[in-house]
Amino acid sequence: MLARIMKNNLLFSIGIIVCSLWIVIAIIAPLITPYSYLGQDLANRFQAPSSLHWFGTDSIGRDVFSRVLIGSRISLIAGLVTIILASFIGMIYGGIAGYIGGLTDEIMMRVSEMVMAFPGIILAMTISAALGPSLYNTLLAMVIIWWPNYARVMRSMVIANKENEYVEAAKSLGASHFRIFFHEIMPNSIGPVLVLATLDFGNAILLFSGLSFLGLGSPPPTPEWGAMVADGVLNFNYWWIGTFPGLAILTMAVGTNFIGDSLRDFLDPRLRKEL
Amino acid sequence: MRDVLLDNEDLLRINNLNVRFRTSEGAFRAVRDVSISIRSGETLGIVGESGSGKSVTALSIMNLIPNPPGEATGDILFNGRNLRNLSPEEVRTIRGNEISMIFQEPMTSLNPIHTCGKQIMEPLLLHKGFTKKEAKVRALELLKMVGIPIPEQRFKEYPHQLSGGMRQRIMIAMALACRPKLLLADEPTTALDVTIQAQILELMKNLRKEIDTAIIMITHDLGIITEMCDRVVVMYAGQVVESSPLKELIKESLHPYTEGLLRSIPTITKEKQRLHTIEGTVPSPFNMPIGCSFQPRCNYSTSLCSEKTPELVHITEERAVRCWRHVNEGKQG
Amino acid sequence: GCGGSKDAATKPEATDGNKQLIMALDPDYETFDPGLAYEVYALLVLHPVYDTLMQFEDNLDAPVYGIAESHEVSQDGLSYTFKLREGIKFSGGNPLTAQDVKWSVERSISLKGNGAFLADGIKSIETPDAKTVVFNLKEQDASFLTKLTYNAFGVIDSKVAMEHGATNAADANTSDKAKLWFDTHSAGSGPYVIESYTPKVEVVLARNQNYWGEAPYYDKVVLKAISDPGTQLMMLEKGDIDIAFNLGPEHVKQIQNKAGIEIKKAQAMTLTFLLMNRDPKIGGPIANPDVQKAIRLVLDYQGMQTIAGEGSITPVAPFQVGFLGTLPPRDPKTAQDVEKAKELMKKAGYEKGFKTTLEVATLAVEGMDLPTLAQKIQNDLLQIGIETEIKPSDIMVALDPYRKGTQALSLWYWGPDYPDPNSQLAFLPGSPVGLRANWTAEMNPKLADLGKKAAVEVDKAARIKYLEEIQTMMDEDSAFNVLLQHARHYATRDNIQGTDYIDLYKINLKNVSAK
Amino acid sequence: MEDSLLVQIQNLKMYFQTEGSLSLHKKYIKAVDDVSFELFKGETFGLVGESGCGKSTLGRTILGLYKPNAGKVIFEGEDIFSFNNKRMKEMRKKIQLIFQDPSASLNPRKTINDILNEPFHIHQVGTKIERKAKIKDLMERVGLSEYHLSRYPHEMSGGQKQRVGIARALALNPKLIICDEPVSALDVSIQAQVINLLEDLQKEYDLTYLFISHNLSVVHHICDRVGVMYLGKLVEIGSHEDIYRNTQHPYAKALISAIPNADPDDRRERILLKGDVPSPANPPSGCRFHTRCPEAIDLCSQEEPLLKEVFAGHCAACHLVK
Amino acid sequence: MGLLKYIARRLLFLTFLVIGVSLVVFIISHSVPSDPVLANLSQRNMDNPEMVETFKAKWGLDKPLYTQYFIYVGNLVKGDMGTSIRTQRPVMEDLKDYFPATIELALFSILIAVLFGMLFGIISAIKRNSATDQLIRGISVLGVSVPSFWLGLMFLLLFYVKLGIAPGPGRISPYLAPPVGVTNLYVIDALLAGNWNLAVDALQHLLLPGLVLGSFTMGLITRTTRSSLLEVMSLDFIRTARAKGLTEKMIIVRHALGNALIPVVTVIGIGFGNLLGGMVLVETIFAWPGIGQYAYKAAGNLDFPAIIGVSILISINYVVINLVVDILYGILDPRVRYR
Ligand SMILES: Nc1ncnc2c1ncn2[C@@H]1O[C@H](COP(=O)(O)OP(=O)(O)OP(=O)(O)O)[C@@H](O)[C@H]1O
Ligand SMILES: Nc1ncnc2c1ncn2[C@@H]1O[C@H](COP(=O)(O)OP(=O)(O)OP(=O)(O)O)[C@@H](O)[C@H]1O
Ligand SMILES: [Mg+2]
Ligand SMILES: [Mg+2]
């Protein structure tokens, strides 16, 4: 399937290539970084990109290239963790709401709507200001912001699926609610949620970098891309400090979104024929 | 060609229509060498199982096969012009004007965001150059004609505010707006309840008398065919397997499939007895049997049947069949 | 008005034919109520609006008269009598009287705002006549005249203020309703009045038509709130603004040779220092005086000065160069002694090092990003095995544990409360800042005692002696490690003058004019 | 006849709430409104009527899938709604359901083997080997081969899928099977195969069918007795002969006359009804059919006719029927 | 009828929302380890217990938590959101000052996003699988993938610093005075005042941040318009329209677009909601004196009255936007029934 989609779809191919590249980089980063990502060298601060420092150096003489490479790990992990946790929570929550229905559903959905209405970034900033910035707190905030999306999708899937005749068949055979929920409804509802989750990966990376730009990620000297762009804003005149980490975010997000966009079309049966 | 047509008084003649679809699972021929003709004022029925190519044939006449993935070849002669050689512009002036079509799903075939009135007026404004006022008058007439009570009100309503039967009437009104010479009705009643279906069929019968339109009636319900049609074409796996005047077909069907079909339908007039069945299932379009497509399910099949594909041969002037059993008769006849 | 220019990138001559000064800064002010404001940039705005009895002109050596004409100090040093200048009117037209002075100061005291402590020493205020004000103090105070330069002593038109709900009653901190009015209006006698204030956008000062002195050059002064130094720089280069006030050392480098721009550099009074808690329960290994000394020795001051930019220096103790009695700064080239630091660590029993947290507020001090400096310190401390995890937080959040003394190791900055070395005695053991490191008087009684003596000493030579001794001792044993005394970098268009730096006001807007 | 009584449905009412659960003004769809009839052992009872008249709802309520608003379903002498969970589960073995849409009634993610294993698994019946043998047997009975077991539903044709559905219904040896339009979605040629299969199985296992359909020809073919529903009400019940030859209720008459007939010689007079079926949320007063009834009299709009026995075993609810 | 009832229900939900949101922030505010209120006291006053007490009393911090909350809600009903610890101004006043700037920017960027997004989406759908289509899809993906804070930085560097063709940060050029506040949307106010130059200047200042902020929404709208239009084009009623003999253009304009717009409206709503979140980043870069910056500062300083105020404001906005979207839905789609 992969090969077939790739053959006909330029964007998808680019996406696959870019993403694989980043994943490989993240895995082997410590082996290929020319300098330590923490190594300071005040004598060589603010060096413009050169053959020695491909992406230049920052305000305390660290090699931006090495930091960008190592930074890929944090971004990937942050994206993954957020998506996995948020989709897990969302699936359970939305699943229960959709399955039980009625008043429970109404209340549960209002609550999730409340979470959605709540300005997530402010929540994240408040949490981080109160508890101190750390990767965990930021991820926590991201999960809190994100799960209602999945809850909504899961709920609508469950509601659609619980009307299915095979569910009624199981009921008429005397299956318990547990069995109906986990054996009949869940497996058939999970697909779109998982698809959404995969497609959301780029967005999670974007949000994470946005938060870390605001100083909410792990504390320095962790090489987070968002924080590095913030560093670039601080040192406005040395364009390379902010430009390269920003490009890194961009390429990773573009890569996953190219894949996501093409997959979305592919998975949508109405649009499938065009691929 | 033209001379032939004039001779035959045919309104529409389809010659060797083939439609290929390219899908992700591969390419296949949905319609294979179909030739059909219909005279003015005549009602022709097309029966066949699901997927046998009935709708695709009808859509080909309208030049509405999505391309890609579809790809049609063959001639479709309407009133002496080959529709397949016309420019898209010319085809458009015929569509909805001289030939119009009613679809199976009245629920989805109307645009949900426009009022019924607006949708009926549309072909009038387009083809007949009516002013809005004239078109409205005509649309109200049409609504009355298809038996819609309080047409003034329905005119303003949206499709979702109407019942299925009502919507199908709107579709019919729309199709008849420009007094077409040919009406294609693709399973116009399948989605409807029995009593509503009866209303619609009655309506169509009356309209046929009134406006003298040739109708191609597509269905898989032989009951409807018997009630409505003068002539029948039976399709199986993309091919025409039998073509005959209704009465003769009912009396004696030539193709084994037609025969099986007729016998496997329970009717309330028949005595309660075990139903005749055609064993097996319709072949997948990707995996057509060699030779006659019906041969794996046929009780009369011989080795010849699984080797060579039979041609559609005329047994009499009016009757044709695609079966080795009748090939010789046909050749003689 | 219908001014403006089609070309947004070049500043037009003047809007409405008026002379206008535009200054960009990263402001911290939240109010322009002279009784409440006590922020770094408060006086930048309030000094040209509210006259004070005393003021500074070019340097912080000694205050000069503002609206006071003369003053007398009683023999016991507890009573200060000021004569006011003749003919001073408020912007609203009312004459300024001694009563207004008394009312204004009393209001500041009653409002209990952040700056009110400057008036703590005042016992009573008397107004024998309309032009005479007498301040009776509780005890002698060598810095009283200096304190009078602050806006807490700014003279408000009491009639106008009372019309808008202001009061000098003892319960003013709840009954005074004028704060909001003062944010967008003014009732002073200075050369400018506050024309408008849009928080986070701009403050506009307009010429006071009733000003008693020489009229200022500009009709309008617009202070634009632009927090990003990079943006300030861009706008200065484009000529959109006249003064870019919050440039970091790095930004200045970028415009070194640009035409039309004048780079300004001055010694600021701001210190950056490391707090090392003396309480073992909080500080752990950090509390060990030997470890603290080792830290002092292992840091690379030269590197830090590079980061802080040209002109920054490292005093040996929390006393700014420029104040009376301050010792010469460290020589950054020789100050670092890693071997000795290692020995000290060994002596303290932490040869292998330890782990701790380095707390830092996320802000820039004189254009230098504190977290960046924290990373430098983190790097240096590794040399003696101290592994630190940086914990950044917003200043308002960080202040609380800092003041409660619950931070083990933290990076802070300090600006003097008023321009006098006495303000720095807070760093001594047992004093407010000292206590934030849980450095109690008992831990170094001699030092604490010296501090007390220095505070009340009026004789200049004796004062210098005490201060020098304090600094020498603090170089040996201190819970603080002063890292930097910053330089202030800013830039102006080169067609204006009178923009010299003075730490109290930043720029004395009264004096700015076109060349 | 009494001893062969299997199910007795008494005054069953099933209303669906339509307004949101938080709303104060509750609105109902009276999907099944006061329906009573009996099912006898070994018979096939046909239920016909137009779309939305409550056929499926009635079937599902009898199965105990819905909790009715009123009425009883007495199965082998006991009201199933008085059962506790455990007994209900036991009872489930005895009544089974076959659905209209063979694709929708099979979980697309399970193999045929999984699907057929499910009833045994739920009720903890038999060992692994016994189950395997039983499944093999079932497959044979419905005319499928063992190699189909490892397939997924989407890999099978409609007729085959419907056979799987039937096999699943048979797994626990039920007494009653509710067939909800089991052949409507099938092609004509396949429809006959399934009907024959259902007939064969009935003979073999002594099954009782409640056969729901809107295809009157099929009902005529397969059913012993027929009930005609209109808007949640049962308007006529009788043996299949009587219903088709001696129709009493005007609605039933119209329904039967409306069937398109493939026999060109049999041209009966067609009774055409006006208008559409009214909404069950807001049914007409009196006789629910009076708005479309060609024979309606004044009384019809005022008073609701009760189901009256016209002659032995044949009831109709119409004021005009004597 | 149904619509009014629906609106009433949503407004009822709004009350719950306000209570919920304020409660959440309230609880967080009292579970944080540090005391932000005291941090606002001067260094000297900190050491004076009497001052601390007076201060606490002034802010009502001496009362138990639930009392504080009830007082808060009580005041809220009267339109009083308390006083910001940081700015010492009534939060309501602060919001009145900051919010219009945000709204102006948000409206502008949504305008850009909708205009271009729909245009691109339609072109892309019509020419699907062509090079144009691939290009537009690429751009739209780029739009949703580009980090706004970075794009803002790059735009400023390029268009303002290097090329000098765009104005710098802020709402208007520094030498111009803001217009007299009627709506506090500068462009509109300037136009109302007849000050054409000022309006142009304000509009120019909106351009870069508007583009940066709108890029995500634009990408989203392009993508949705495209797929929605493609989907609609495959529906039955389009076939009906073809069968009527309409030209392809007529079909798209009269039959497909109206239907395709329905899901786009939802996306516009989502986009608008996102905008308010993304504001924080963009406002920081462009020195835009809006609610985002205010919120950023408030959150950083744990200025809880302000945080609650902003949160309530943004939540209400979210609900109102959704309500508008739902009503629009009803206008676009006659099938919609409100429940
Ligand atoms: N757009 C299309 N793309 C691919 N395959 C198509 C398309 N339209 C129809 N087909 C295929 O062509 C074959 C004939 O379809 P057609 O719709 O004509 O059948 P039919 O006889 O009308 O059946 P039914 O009674 O179910 O309407 C089927 O196999 C169908 O899957
Ligand atoms: N779960 C439900 N909730 C609400 N209303 C329902 C529900 N199930 C059915 N209904 C309504 O009850 C009425 C009867 O539905 P039912 O499915 O029983 O009709 P039916 O006779 O089986 O129709 P069909 O021939 O279309 O299957 C319909 O109006 C339907 O809309
Ligand atoms: Mg068809
Ligand atoms: Mg049903």
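This passage walks through a predicted model, starting with how its chains meet and ending with the surroundings of its two ligands.

A good place to begin is with the chains and their contacts. Eight pairs of chains touch, and among these pairs chains A and E share the most contacts. On one side of this interface stand 54 residues of chain E, and on the other 47 residues of chain A. Together the two chains bury about 4,400 Å², and carbon and sulfur atoms account for 71% of that area. Within chain E, three residues are worth finding in the view: Arg137(E), Phe149(E) and Trp150(E) contribute 14% of the area that chain E buries against chain A, more than any other three residues.

Other chains stay apart. Chain B makes no contact with chain C, and the closest C-alpha atoms of these two chains are separated by 47 Å. Chains C and D do not touch either, with 44 Å between their nearest C-alpha atoms.

Chain A also carries an annotation that helps with orientation. An unreviewed UniProt entry assigns residues 72-260 of chain A to "domain: ABC transmembrane type-1". In the model, this stretch of chain A is 86% helix and 0% strand. The C-alpha atoms at the two ends of residues 72-260 lie 19 Å from each other.

The ligands come next, beginning with ligand 1. Around ligand 1 there are 15 residues, and those that come nearest are Ser50(B), Gly51(B), Lys54(B), Ser55(B) and Val56(B). Sorted by character, the shell of ligand 1 holds six nonpolar, six polar and three charged residues. Which parts of chain B each supply at least two residues of this shell? They are the strands β1 (10-23) and β2 (26-39), together with the helix α2 (54-61). Of the elements involved, α2(B) provides the largest share, three residues.

Several polar atoms of chain B can be followed to oxygen atoms of ligand 1. A side-chain N or O atom of Ser55(B) is 2.6 Å from an oxygen atom of the ligand. For Val56(B) the atom concerned belongs to the backbone, and the distance from a ligand oxygen is 2.8 Å. Glu187(B) takes part through its side chain, where an N or O atom lies 3.0 Å from an oxygen atom of ligand 1. On its own ligand 1 exposes 630 Å², of which the protein buries 69%.

Attention now turns to ligand 2 and chain D. Here 13 residues form the surroundings, and Ser51(D), Gly52(D), Lys55(D), Ser56(D) and Thr57(D) are the closest. This shell divides into five nonpolar, five polar and three charged residues. In chain D, β2 (28-40) and α1 (55-62) each contribute at least two residues to it. The greatest contribution to the shell of ligand 2 is that of α1(D), with three residues.

What lies 2.7 Å from an oxygen atom of ligand 2 in Ser51(D)? In Ser51(D) it is a polar atom of the side chain. Gly52(D) also places an atom 2.7 Å from an oxygen atom of ligand 2, in this case an N or O atom of the backbone. The backbone of Gly54(D) adds a polar atom that is 3.0 Å from an oxygen atom of the ligand. Ligand 2 has 630 Å² of accessible area when taken alone, and the protein covers 67% of it.

Definitions and conventions
Residues numbered from 1 in each chain as written. Chains lettered and ligands numbered in written order. Predicted model: local features only at pLDDT ≥ 70, side-chain atom pairs only at ≥ 80, totals over all residues. Heavy atoms only, no water. Near = heavy atom within 4 Å. Polar contact = N/O pair within 3.5 Å; in protein donor to acceptor, adjacent residues only side chain to side chain. Areas by Shrake-Rupley, 256 points an atom, 1.4 Å probe, with all protein chains shown as cover. Helix = DSSP H or I, 4+ residues; strand = E, 2+ residues; numbered from the N terminus. Nonpolar A, V, L, I, M, F, W, Y, C, P; charged D, E, K, R; others polar. UniProt positions renumbered as here; feature names shortened; annotations may be inferred. Contact = heavy atoms within 4.5 Å. Buried area = accessible area lost by both parts, 1.4 Å probe.
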